[in-house]
Amino acid sequence: MIGVDVGFGFTKAFPGNVVFSSVFSEQGKRPFKIQGDELDNLELELDGKNYFVGRLAQLEGGSGTFDRDNLIRHKVCTLTAIALSTKADYTGPIVLGLPISDFHRKDQMQQLKGTYRIKLSGTDYVIEITDVMVFPQGGAAYFDMLLSDDGKVVSTLADQRIGII
């Protein structure tokens, strides 16, 4: 299982402690590479289209806007995060965090289920999302502290008031 949060500023994924800007732009092939590490030069090929993701997309004037009718931002950022997190093909469920203001769209996130053949920065991946579980943003952090890997309560936090900022 992989946890992904496509936030307003950054996309985060675990395992792998992946963090990159939640910005993308649709582009053709670029003739140069910017200085920096792998996360500075993310290029995703999906459904016959090429996207710059993260810092590279920012430099190319990309968008981080959440389109309420189109999941392309979530799809591009989620698939990029999964590939970076696993460094391999992936089949399994994902857990997504959504801001409370967008939580009424949790059913819409089920559209992310499916099999995708992508190329991220020159490497081919097959990603099959079998299930999408959606939690309020910050909820995953709470459950991570509260529950063990097998879903049992292991913390005294269950009896306390908790604020997550």
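## Inside a predicted fold: helix 2, its core and some odd corners

S85 counts as buried, because its relative accessibility is just 13%. Keep in mind that you're looking at a predicted model. S85 belongs to helix 2, which covers residues 72-86, and that helix is a handy place to begin a tour of the chain. From there we'll go to the core, the surface, a few unusual backbone spots and the salt bridges.

**The overall layout**

- Count up the pieces and you get 3 helices and 9 strands.
- Walk along the sequence and the order is β-β-β-β-β-β-α-α-β-β-β-α.
- The chain has 165 residues, and 41% of them are buried.
- Take the contacts in the chain with a separation of 6 or more: 61% of them are between residues 24 or more positions apart.

**Helix 2 up close**

- How much of helix 2 is covered? Mostly, the helix is tucked away: 12 of its 15 residues are buried.
- Among the buried ones are V76, C77, L79, I82, A83, L84 and S85, and R73 and H74 are on that list too.
- The helix also passes a simple length check: at 1.5 Å a residue, its 15 residues should span 21 Å, and the C-alpha atoms at its ends are 21 Å apart, so the two agree.
- Which residues does S85 touch, if you skip its neighbours within four places in sequence? S85 is in contact with I2, A13, F14, P15, G16 and V18.
- Two of those partners, F14 and P15, come back below, as they are joined by a cis peptide bond.

**The nonpolar core**

- As background, nonpolar side chains tend to be buried together in soluble globular proteins.
- Here, the largest nonpolar core has 34 residues, and the members touching the most others are I118 and I127.
- Plenty of elements give two or more residues to this core: strand 1 (2-6), strand 3 (18-21), strand 5 (42-46), strand 6 (49-53), helix 2, strand 7 (90-98), strand 8 (114-120) and strand 9 (123-136).
- Which of them gives the most? That's helix 2, with 7 residues.
- I127 shows how the parts meet: leaving out neighbours within four places in sequence, I127 is in contact with L79, I82, A83, Y90, G114, T115, Y116 and I118.
- Three of those names, L79, I82 and A83, are buried residues of helix 2.

**Out on the surface**

- The chain exposes about 9100 Å², with carbon and sulfur atoms supplying 51% of that.
- M145, I162 and I164 make a nonpolar surface patch of about 250 Å².
- I162 sits in the segment after helix 3 (139-146).
- Is I162 buried or partly exposed? I162 counts as partly exposed, because its relative accessibility is 35%.

**Unusual backbone spots**

- Most residues other than glycine have a negative phi, and most peptide bonds are trans. That's the background for the next few points.
- The peptide bond joining F14 and P15 is cis, with omega at about 10 degrees.
- You'll find P15 in the loop between strand 2 (10-14) and strand 3.
- D47 isn't glycine, yet its phi is positive, near 55 degrees.
- D47 lies in the loop between strand 5 and strand 6, and it is exposed, given its relative accessible area of 59%.
- K87 comes just after helix 2 and takes a positive phi of about 55 degrees.
- The loop between helix 2 and strand 7 is where K87 sits, and K87 is partly exposed at 44% relative accessibility.

**Salt bridges**

- How many salt bridges does the structure hold? There are 3.
- K12 and D5 meet through their side chains, 3.4 Å from N to O. K12 is partly exposed, with a relative accessible area of 32%, whereas D5 counts as buried at 17%.
- K113 pairs with D131, and their closest N and O atoms are 4.0 Å apart. This pair links distant parts of the chain: K113 is in the loop between strand 7 and strand 8, D131 is in strand 9, and they are 18 residues apart.
- K113 is partly exposed at 39%, and D131 is partly exposed at 29%.
- The side chains of K119 and D124 form a salt bridge at 3.9 Å, N to O. K119 is partly exposed at 30%, whereas D124 counts as exposed at 54%.

Notes. Residues numbered from 1 in each chain as written. Predicted model: local features only at pLDDT ≥ 70, side-chain atom pairs only at ≥ 80, totals over all residues. Heavy atoms only, no water. Helix = DSSP H or I, 4+ residues; strand = E, 2+ residues; numbered from the N terminus. Buried < 20%, exposed > 50% of the residue type's maximum accessible area, 1.4 Å probe, protein only. Contact = heavy atoms within 4.5 Å. Areas by Shrake-Rupley, 256 points an atom, 1.4 Å probe, with all protein chains shown as cover. Patch = residues over 30% accessible without salt bridge, like charges linked within 9 Å, V, L, I, M, F, W, Y side chains within 5 Å. Core = buried A, V, L, I, M, F, W, Y, C linked by side-chain atoms within 4.5 Å. Expected span 1.5 Å × (residues − 1).
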